[in-house]
Amino acid sequence: MKIALRDDDTSYFTSPERLRSIYRDVWNRIPVCLATVPFTVGYRRPGIPEEHWHSAEAFALERNPALVDELRRLLAERRITIALHGYTHQDYATGYEFQAAPDPSRRVTEGRAYLEHVLGTNIGVFVPPHNALSKRGLAAVSAAGLNLLGSFLSFRPSMRPWELRTPLNYWRVSRFRASTNRARHDRFVYPFVLRYRRHAEFACHSLIPGTTLDELVRGFEEARSFGGDFCLATHYWEIDDVMYRTLVDFLDYAAGVPGVRFVAADELFA
Ligand SMILES: [Zn+2]
């Protein structure tokens, strides 16, 4: 069973000290997939200075050279991998970036090329800002051949670009929901990779304020009972002592289970 860890929102606004203070003992055990924003635009959240919440200025990652140096070093040490997390991560009046931006294809292509160049790494995974994707956003990611790490994306064929595998994968997910006695609107995480013509998708469990070890273990044990894999997604900027403890306790729990392997997120799709 593969276990991966994803952390969202590394960008120009990220301090390398903050990442290090959280992950220094974690990324020795499991590589952290940092879903990184290449040209971030500020928005209202802790860790982004208030003057940039509405400034609409885009900050290229390399304007934070201390962060770039640290990411390159951590990549060389195999403590992190990089995924593409949108282009600007900006919110529009009509939706999140990959629901509402007029040019999702350009954003995927240019964002990926930029991060690959600045960080000297290959990028094969896309994480949608706010886990939100329109049909067009999904088509752009798929056309680029990037695999998708999401949480609670819809599998309903009407929400997706048409291809033969769309109804087949929907049927797989529906069968899983039925076999776990869930109702139509109950939330769950399908524990297997879904393969489409040009990309694959895998869903993550969330570690957010209020998430308990019990919930994570339940999700993990369900995935394990079906022979599936498990990815945990969190945000470094909201990890406090309680969330940190939950993360480490979960890793300790998983590490004690025979057959569990901690892997880089890209390996989920192997
Ligand atoms: Zn994000």
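This passage describes the zinc site, the salt bridges and the aromatic contacts of a predicted model.

The zinc ion has three kinds of entry to consider: its donors, their spacing and their burial. The protein donors are Asp9, through OD, and His85 and His89, each through NE2. These donors lie 2.0 to 2.1 Å from the zinc ion. Along the sequence the donor residues follow the spacing D-x75-H-x3-H. Histidine 85 has a relative accessibility of 2% and therefore counts as buried, the limit for that class being under 20%. Histidine 89 is likewise buried, with a relative accessible area of 2%.

Salt bridges were searched for over the whole structure, and 17 were found. One of them joins the side chains of arginine 20 and glutamate 70, with an N to O distance of 2.9 Å. Arginine 20 belongs to helix H1 (residues 16-23) and glutamate 70 to helix H2 (residues 65-76), so this pair ties together parts that are 50 residues apart in sequence. The two partners fall into separate accessibility classes: arginine 20, at 32% relative accessibility, is partly exposed, whereas glutamate 70, with a relative accessible area of 6%, is buried. The assignment of glutamate 70 follows because its value of 6% is under the 20% limit for a buried residue. Both residues also take part in a network of salt bridges, in which Arg20, Glu70, Arg73, Glu77 and Arg79 are linked.

Other salt bridges lie within a single helix. In helix H4 (residues 104-119), arginine 112 and glutamate 116 are four residues apart, about one turn of the helix. Their side chains meet in a salt bridge with an N to O distance of 3.6 Å. Arginine 112 is partly exposed at 22% relative accessibility, and glutamate 116 is partly exposed with a relative accessible area of 23%. Both values, 22% for arginine 112 and 23% for glutamate 116, place the residues outside the buried class, because that class requires under 20%.

A further pair of this kind occurs in helix H7, where arginine 224 and glutamate 221 are three residues apart, about one turn of the helix. The salt bridge between their side chains has an N to O distance of 3.0 Å. Arginine 224 is partly exposed, with a relative accessible area of 37%, and glutamate 221 counts as partly exposed at 23% relative accessibility.

Helix H7, which spans residues 213-225, also contributes phenylalanine 220 to an aromatic contact. The structure holds 15 aromatic pairs in total. In one of them, phenylalanine 220 and phenylalanine 230 meet edge-to-face, with 6.1 Å between the ring centres and 70° between the planes. The pair is classed as edge-to-face because its angle of 70° is over 60 degrees. Phenylalanine 230 lies in strand E11 (residues 230-235), ten residues from phenylalanine 220, and the pair links distant parts of the chain. Both phenylalanine 220 and phenylalanine 230 are buried.

Two further features involve aromatic residues. Phe176, Phe188, Tyr190, Phe192 and Phe226 form one aromatic cluster. In addition, the charged end of arginine 63 sits over the ring of tyrosine 12, at 5.9 Å from the ring centre.

Technical notes: Residues numbered from 1 in each chain as written. Predicted model: local features only at pLDDT ≥ 70, side-chain atom pairs only at ≥ 80, totals over all residues. Heavy atoms only, no water. Phe/Tyr/Trp six-rings, centres within 6.5 Å; stacked < 30°, edge-to-face > 60°. Helix = DSSP H or I, 4+ residues; strand = E, 2+ residues; numbered from the N terminus. Buried < 20%, exposed > 50% of the residue type's maximum accessible area, 1.4 Å probe, protein only. Lys NZ or Arg CZ within 6 Å of the ring centre and 35° of its normal. Salt bridge = Lys/Arg side-chain N within 4 Å of Asp/Glu carboxyl O. Donors = N, O, S within 2.8 Å, 3.2 Å for Na, K, Ca; no water.
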